[in-house]
Amino acid sequence: MVEIKPKEYWPIVYRKEYNVTFFGLENLHPFDSKKWAHIYKWSCVAARISEIPVVAIFPNFLVQRQYLRPIRFQVGGSRLAGKIARKDGVGINLGGGFHHCSKNRGGGFCPYADISLVVNDALQENDCNLVMIIDLDAHQGNGYERDFIGNSKVFIIDVFNKNIYPKDTYAETAISKAVKLDYFIQDYEYLTTVESALNESFLKVKPDFIIYNAGTDILKGDKLGLLSITPEGIIQRDEMVFKLAQQNNIPLVMLTSGGYLKSTANVIAASLQNLVQQGLVKPSQVE
């Protein structure tokens, strides 16, 4: 008798279609529009959201194909990664994390509200009563925050540079634990602050599901995040969040969100490699 070994898969979601190309115009925005591939080794409305004004002159079918279609693939990836996480404990989307988009309005390179969709997917399951969003991107996650103002089933931790976009005071009312950083904070203070915020929050609640918005625009030299965290600091930050979820037996989905340096992809890849080495991300068996 031949023994058939079960197949394994890594809980990491990616498609080559994630990557945005727009005849070179994507280079007018500091965002690395092919970041997701590097890790893996209406028109006027789209222009405002993408922050590349010249996009407005292009026919809508081109905007759809070159810009919006790749983002829709990433949104699907976020929802799939969330499903994987709730089944197997961990899910990672190499894209997604469009935290400036609400169900009614996009902005800041975020045309679709994938985080809100992942939250709603989780809450529709009978055994999920509380979703925690841990948003460690340098910018305030005002999009999904606007969607969940007054919702007791969503606990939001948002650690962000208070001096930069979007400065949305109305959306802040949805934040359960807000940590407002000043310019150019460095590793020790940042990591200590994040750890304190997480520990304080877990003393208050124990969520059934965690959405981790793991922006890397906190990196030193990122001209939009304007913080001063090293690659090693990001690796430690991600490990901290994953360990907290594992120790509390809470499923976690990670979205890569913002990051505007060419070195960002390498930092994310190094962090994922560390999570694997630490046993925090493991392959699952196909049933």
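This passage describes the fold, the sheet, the cores and selected surface and loop residues of a predicted model.

The protein chain holds 9 helices and 9 strands. Of its 287 residues, 57% are buried. The accessible surface of the chain comes to about 13400 Å². Carbon and sulfur atoms account for 53% of that surface.

An open sheet is formed by 7 strands. Their order is 2-3-8-7-4-5-6, and the pairing is parallel. Strand 2 (12-13) and strand 6 (177-181) are the edge strands. Each of these two pairs on one side only.

Strand 7 spans residues 209-213, and 5 of its 5 residues are buried. Phe 209, Ile 211 and Asn 213 point one way from the strand. Ile 210 and Tyr 212 point the other way. Strand 7 is joined to strand 8 (residues 252-255) by 4 bridges, and the two run parallel. Within this pairing, Asn 213 has Leu 255 of strand 8 as its bridge partner. Strand 7 is also joined to strand 4 (residues 131-135), here by 5 bridges, again in the parallel sense. Tyr 212 of strand 7 stands opposite Ile 134.

Ile 134 also has a bridge partner in strand 5, namely Ile 157. Strands 4 and 5 pair in parallel over 5 bridges. Strand 5 covers residues 154-161, and 8 of its 8 residues are buried. Val 154, Ile 156, Asp 158 and Phe 160 point one way from strand 5. Phe 155, Ile 157, Val 159 and Asn 161 point the other way. Both sets are buried, Asp 158 and Asn 161 included. Strand 5 pairs in turn with strand 6, in the parallel sense and over 5 bridges. In that pairing, Val 159 stands opposite Val 179 of strand 6.

The largest nonpolar core contains 45 residues. Ile 134, Tyr 190, Tyr 212 and Phe 242 touch the most other members of this core. Two of these residues, Ile 134 and Tyr 212, are the pair that stand opposite each other across strands 4 and 7. Phe 242 touches Tyr 212 as well. Beyond four places in sequence, the other residues touched by Phe 242 are Val 90, Ile 92, Leu 252, Met 254, Leu 275, Leu 280 and Val 281. A second, separate core has 23 residues. Among them are Ile 84, Ile 115, Val 154 and Ile 156. Val 154 and Ile 156 point one way from strand 5.

Ile 115 belongs to helix 4 and is buried there. The helix spans residues 114-123 and is mostly covered, with 8 of its 10 residues buried. Besides Ile 115, the buried residues of helix 4 are Asp 114, Ser 116, Val 118, Val 119, Asp 121, Ala 122 and Leu 123.

Leu 130 is found in the loop between helix 4 and strand 4. Its relative accessible area is 13%, so Leu 130 counts as buried. Leaving aside neighbours within four places in sequence, Leu 130 is in contact with Leu 123. Further contacts of Leu 130 are Ser 152, Lys 153, Val 154 and Phe 155. The remaining contacts are Val 205, Lys 206, Pro 207, Asp 208 and Phe 209. The C-alpha atoms of Leu 130 and Asn 151 are separated by 9.9 Å, while the two residues are 21 residues apart along the chain.

Ser 228 is a second buried loop residue, with a relative accessible area of 13%. Ser 228 lies in the loop between strand 7 and helix 8 (231-247). Excluding residues up to four places away in sequence, Ser 228 touches Phe 184, Ile 185, Gln 186 and Asp 187. Ser 228 also touches Ile 218 and Lys 220.

A nonpolar patch on the surface is formed by Trp 10, Ile 12 and Val 276. Together these residues have about 250 Å² of accessible area. Val 276 is found in helix 9 (residues 264-277). The relative accessible area of Val 276 is 35%, so Val 276 counts as partly exposed.

Conventions
Residues are numbered from 1 along each chain as its sequence is written. This is a predicted model: local features need pLDDT of at least 70, side-chain atom pairs count only at pLDDT 80 or more; totals for chains, interfaces and linings use all residues. Side-chain values use heavy atoms; hydrogens and water are left out. A nonpolar core is a set of buried Ala, Val, Leu, Ile, Met, Phe, Trp, Tyr and Cys residues joined through side-chain atoms within 4.5 Å. Buried means under 20% relative accessible area, exposed over 50%, partly exposed in between (1.4 Å probe, protein chains only). Contact means heavy atoms within 4.5 Å. Patches are made of residues with over 30% relative accessible area and no salt bridge: like charges are joined within 9 Å, nonpolar side chains (Val, Leu, Ile, Met, Phe, Trp, Tyr) within 5 Å. Accessible areas come from the Shrake-Rupley method with a 1.4 Å probe; for residues, only the protein chains shown count as cover. A salt bridge is a side-chain nitrogen of Lys or Arg within 4 Å of a carboxyl oxygen of Asp or Glu. Two strands pair if DSSP finds at least two bridges between them.
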